[in-house]
Amino acid sequence: MSTVVTDRTVLITGASKGIGRGIARVLGQHGARVAVVSRSIAGSEAVAEEIREAGGTALPLAADVSDLASMHDAAKATQQAFGGIDVLCANAGVFPSADLGEITEQEWDTVMNTNLKGTLFSVQACLPALRASEAPRIVLTSSITGPITGYPGWAHYGASKAGQLGFLRTAAIELARDGITVNAVLPGNILTEGLEGLGEDYLRKMASTIPMQRLGTVEDIAHGVLYFASPQAAYVTGQTLVIDGGQVLPE
Ligand code: NAP
């Protein structure tokens with residue numbers, strides 16, 4: 001079965017690095033027009049250039065998901081450049097670590113404003129364009145941390161990622177009448193630039209706890225997103241796909 005996003009416009013938040021960059025590159029390779037969104041125009045431009053060099057079409061944008069006006073501007077710029085938005089990948093997220101006794105109100109607000117409010121604002125900004133699409137899709141990047149597992153230092157992060165799934169289930173019901181599907185990928189430990197900085201020893205130790213004995217790649221996540229974005233997933237909504245090499249399975 002082919003999963004095709006050719007000639008569809010995808011807006012991806014948090015696309016200048018890590019998983020978002022992987023989603024942008026893979027969907028670009030599969031023929032989507034990609035709006036690359038992050039707070040840094042230089043970061044977005046670098047990924048847009050990678051997509052263009054590979055023969056794809058991309059638009060770099062600077063926007064902050066925790067600022068609704070900024071997300072409206074990004075959605076408007078995407079519609080002006082590409083004529084609409086068919087798929088929103090609400091992927092931007094932050095994961096600062098702090099013991100729960102030490103989490104400041106400001107740290108809590110930053111995590112919630114980016115991961116949870118940012119999900120709402122990304123959806124709200126793209127909603128008019130999605131409603132006009134023939135096959136509209138929303139794909140959230142949640143996590144195994146929060147919905148399924150816990151990890152010391154990430155009480156605020158876990159709460160935000162579990163919160164995304166509460167949002168998803170009602171959003172899927174409300175938006176079904178518009179034909180918009182809302183699904184989420186739940187990555188395990190994915191090898192991103194940030195993680196690589198933790199060193200070989202740490203990465204080897206992490207990999208040894210995963211049944212498949214390796215960390216995930218950003219492409220592993222992107223292919224899950226590609227499925228939810230595809231025509232073949234038209235009747236799938238409100239669902240989650242864990243992509244973790246079996247990490248959550250052992251007792
Ligand atoms: P990353 O490498 O740190 O990239 C985060 C991206 O989000 C960057 O492009 C960043 O660009 C952007 N961003 C951050 N705050 C933003 C804001 N307020 N507005 C717009 N863009 C913003 O992170 P990652 O590891 O790829 O994680 C991506 C998503 O996957 C997150 O939702 C994370 O929770 C989830 N996840 C990751 C893993 C993992 O192992 N890596 C596991 C489970 C879930 P700027 O800073 O320039 O804005």
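In the predicted model, Cys-126 has a relative accessibility of 0% and therefore counts as buried. Cys-89 also falls in the buried class, because its relative accessibility is 2%. A disulfide is a covalent bond between the sulfur atoms of two cysteines. A search of the whole structure returned zero such bonds. For Cys-89, the nearest cysteine sulfur belongs to Cys-126 and lies 10.0 Å away, and Cys-89 takes part in no disulfide. The converse holds for Cys-126, whose nearest cysteine sulfur is that of Cys-89, at 10.0 Å. Since a disulfide requires the two sulfur atoms to be within 2.5 Å, the pair does not qualify.

The ligand is surrounded by 28 residues, of which Ser-16, Ile-19, Arg-39, Asn-91 and Tyr-157 come nearest. Polar atoms of the protein also lie beside polar atoms of the ligand. A backbone N or O atom of Gly-14 is 3.3 Å from a ligand oxygen. Two ligand contacts involve nitrogen: a polar side-chain atom of Asp-64 is placed 2.9 Å from a nitrogen atom of the ligand, and a backbone N or O atom of Val-65 is placed 3.0 Å from a nitrogen atom of the ligand. On its own, the ligand has 880 Å² of accessible area, and the protein covers 91% of this.

At the surface, a nonpolar patch is formed by Tyr-151, Leu-198 and Tyr-202, which together have about 300 Å² of accessible area. Tyr-151 is located in the loop that links strand S5 (137-141) to helix H5 (155-176). Its relative accessibility is 47%, so Tyr-151 counts as partly exposed.

Terms used: Residues numbered from 1 in each chain as written. Predicted model: local features only at pLDDT ≥ 70, side-chain atom pairs only at ≥ 80, totals over all residues. Heavy atoms only, no water. Patch = residues over 30% accessible without salt bridge, like charges linked within 9 Å, V, L, I, M, F, W, Y side chains within 5 Å. Areas by Shrake-Rupley, 256 points an atom, 1.4 Å probe, with all protein chains shown as cover. Salt bridge = Lys/Arg side-chain N within 4 Å of Asp/Glu carboxyl O. Helix = DSSP H or I, 4+ residues; strand = E, 2+ residues; numbered from the N terminus. Buried < 20%, exposed > 50% of the residue type's maximum accessible area, 1.4 Å probe, protein only. Near = heavy atom within 4 Å. Polar contact = N/O pair within 3.5 Å; in protein donor to acceptor, adjacent residues only side chain to side chain.
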